[in-house]
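Visitor: Please give me a close look at a single part of this model, namely the contact between chain A and chain B. I should like the account to go element by element, and then to turn to the surroundings.

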Amino acid sequence: MSGVLIVAEQVDSNVSKPTLELLTLARRLGEPVAVVFGETDDAITKTLGEYGATRVVFVADSSATEYLVAPKAEALGQIAASVDPVAILISSTPEGKEIAGRLAVKLESGLITDATDIAADGTTTQSVFAGNWTVTAAVTHGIPVVTVKPNAVTPELAPTEPAISEAEVSISDAARTAHIVSSEPKESSGRPELTEAAVVVSGGRGTGGNFAAIEELADLLGGAVGASRAAVDAGWYPYAYQIGQTGKTVSPQLYIAAGISGAIQHRAGMQTSKAIVAVNKDAEAPIFALADLGIVGDLHKVLGSVIAEIKQRKM
Amino acid sequence: MKIVVLAKYVPDATAERTFASDGTVDRTASAGLLSELDEYAVEQALQIAEDRDDVEVVIMTLGGEDAADAIKRALQMGASAAIHIIDDAVHGSDALATSLVLAAAIKKAGPDLVICGMASTDGTMGVIPAMIAERLGWPAATLGATLSVTEDRLMIRRDTDVASLMIEASLPAIVSVTDQSGEARYPSMKGILAAKKKPVESWTLADLGIDAAAVGLDAAWTKVLQTTPRPPKEQGRVVGDEDGAGSAALVEFLAAGKYI
């Protein structure tokens, strides 16, 4: 059976949930071959094997962490040349998309980004124009390079004993030009990853800069906190939590938008959520057109009462 | 120093956006404009030009006749000149062919620095800067929340989910900047008047030495199979919050979904 190259993303000393999703999708197309940038690691191999990776290729070259994007793309190009995969799947992160773009040029292959699904025949599904259209497409030339959005599929266990190898790659000087001179780690919020969370509670202009109720409700529901661009631009919440066209796209089971009017740029990032609740003072806010439940009222008052009630029930 | 800013003409995101019968974006259905995210790139170029006295800011746009509107806007903001790459054969090009044309045009223009937005607001792929860099063999410092430039080097800050990176590269280089890089200016009356006299060159594929058969819909390495509008969402329940009715409804909703 033919190999399908996937690029594993690491988080907290193992691989990310979107990586497991890539493995599950890759099994539809062939045998998953996972590429990991880093030293050989038993825990990572074990996880990748549990989700169906038949091969794990470690790339320990330090260029991948010292320089932006290009060394990873070059290494993957060389691995692709030896594996000859039927497709290459990469997570739709900013870095993942740039790697994919460079790979497509190197391999003279068609590129599809931000797929929300991929079928056994390689047909992809994408949600475009702020989630207002669904597009199916396929790569018609070369090895399909596809980046996949988080939550495209539920990861499925498919235990295998992967073959482990360390790839000998040679990274050119041309790929070592955007030098990462420093890296300042960000403080973790301790909440679920925004793009992976089942529940997202978001605040916008209507919070007036006070996210206390947003955070407390998110914590009571085991969810993540998001913010609209207006709230981020006002300096009320960090950019990493921005939902919308220029931030994250989320598709949780439940999305609660508090004090967010629902401009097209915001809807682009949350329109495909399964259930949507909106709390807003303005009865005319466009967000209500998307909401399964809309509450016209002051968000601090509404969320305050909801938080009190949930706490009461939990006692 | 010569700076080229890539500026795309896109359909207005706040209008109804649709597809043409050949599966490409319908660029005639509503008026287009300069992609909002490219305004940040123009702004960064203009700021560099203000800090130094030897900077020429050239707008580069690949698109049809209407795309002149995007060029006009960028010139009104303060750019010095523009290059409009216009050729019917380009219609329907994928990201591969788009990057091929732009890379050839950049080579011909010979800038020290290319500044791009983080993504277009229509295709939203965010891959063109990386693809151009790959073709030119230039450094690519992408997704800068800040950008600073000296005589022969540049530095950006790139914020990821887990870290804030400082990235340095030598010129010539290509960078992209995010919407965090600083609000884009509005054209002044003086800028609007001055824009009318600024030079706009037209380049065709032949000027770039690119075979028309290498680009366009037929040469695309991806094929759109189907485009389907998202079915309109059924109107949900909207309640007021008189006497706490709203919070009660939300608690009930959360309980029904077993969130609490």
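Guide: Helices are taken as DSSP runs of H or I of at least four residues and strands as runs of E of at least two, and both are numbered from the N terminus. The model is a predicted one.

The contact draws 69 residues from chain A and 63 residues from chain B. On the side of chain A that touches chain B, at least two residues are supplied by each of α5 (94-107), β7 (111-118), β9 (133-139), β12 (179-185), β16 (275-280), β17 (293-296) and α9 (299-314). Of these elements, α5(A) gives the largest share, nine residues. By residue class, this side of chain A is made up of 38 nonpolar, 21 polar and 10 charged residues.

Two of these elements of chain A, β9(A) and α9(A), can be followed across to their partners in chain B. The strand β9(A) pairs with β13 of chain B (residues 222-229) in the antiparallel sense, over seven bridges. Strands of a sheet pair through backbone hydrogen bonds, either parallel or antiparallel. Within this pairing, Thr136(A) stands opposite Gln226(B), and Val139(A) stands opposite Thr222(B).

The pairing belongs to an open sheet of 10 strands, whose order is β11(A)-β5(A)-β4(A)-β1(A)-β6(A)-β10(A)-β7(A)-β8(A)-β9(A)-β13(B), with mixed pairing. The edges are held by β11 (163-166) of chain A and by β13 of chain B; each has a single partner strand, so one side of each is left without a neighbour in the sheet. From one strand to the next, the twist averages 35°.

The second partnership is between helices. α9(A) packs against α7 of chain B (residues 245-256), with their axes 8 Å apart and at an angle of about 45°. Angles under 35 degrees count as roughly parallel and those from 65 to 115 as roughly perpendicular, while oblique covers the rest short of roughly antiparallel, over 145. α9(A) and α7(B) are therefore oblique to each other. The crossing of α9(A) past α7(B) is right-handed. From α9(A), Val302(A), Ser305(A), Val306(A) and Glu309(A) make the contact, and from α7(B), Gly246(B), Ser247(B), Leu250(B) and Val251(B) do so. Four residues of this helix contact are nonpolar, three are polar and one is charged.

Just after α7 of chain B comes a segment that holds Lys258(B). Phi of Lys258(B) is near 60°, a positive value in a residue other than glycine. Lys258(B) has 6 other C-beta atoms within 10 Å and is therefore exposed.

Chain B as a whole contains seven helices and 14 strands. Its C-alpha trace spans about 65 × 45 × 40 Å along the principal axes. Of the 260 residues in chain B, 48% are buried. Among its contacts between residues at least 6 apart in sequence, 71% join residues at least 24 apart. Elsewhere in chain B, the peptide bond from Leu171(B) to Pro172(B) is cis, with omega near 0°. Pro172(B) lies in the loop between β10 (163-170) and β11 (173-177) of chain B.

In chain A, the shared sheet has a helix against it. α4 of chain A (residues 70-83) lies across β1 (3-7), β4 (31-37), β5 (55-59) and β6 (87-91), and runs at about 165° to β1(A). The loop between α4 and β6 of chain A holds Asp84(A). Asp84(A) has a phi near 50°, a positive value in a residue other than glycine. With 10 C-beta neighbours inside 10 Å, Asp84(A) counts as exposed.

A contrasting setting is found in β13 of chain A (residues 199-203), where five of the five residues are buried, so the strand is largely enclosed by the rest of the structure. Val199(A), Val201(A) and Gly203(A) point one way from β13(A), while Val200(A) and Ser202(A) point the other way. β13(A) pairs in the parallel sense with β15 of chain A (residues 254-258) over five bridges, and Val200(A) stands opposite Tyr255(A) there. A parallel pairing over four bridges also joins β13(A) to β14 of chain A (residues 224-227), where Gly226(A) is the bridge partner of Ser202(A).

How values were computed. Residues are numbered from 1 along each chain as its sequence is written. Chains are lettered from A and ligands numbered from 1 in the order in which they are written. This is a predicted model: local features need pLDDT of at least 70, side-chain atom pairs count only at pLDDT 80 or more; totals for chains, interfaces and linings use all residues. Two residues are in contact if their C-beta atoms, placed from the backbone, lie within 7 Å. Ala, Val, Leu, Ile, Met, Phe, Trp, Tyr, Cys and Pro count as nonpolar, Asp, Glu, Lys and Arg as charged, and the others, Gly among them, as polar. Two strands pair if DSSP finds at least two bridges between them. Axes are lines fitted to C-alpha atoms, for helices over the stretch in contact, and angles run from 0 to 180 degrees between N-to-C directions. A crossing is left-handed if the near helix is turned anticlockwise from the far one by less than a right angle, and right-handed if clockwise. A residue is buried if 20 or more other C-beta atoms lie within 10 Å of its own, exposed if 12 or fewer, and partly exposed in between; C-beta atoms are placed from the backbone.
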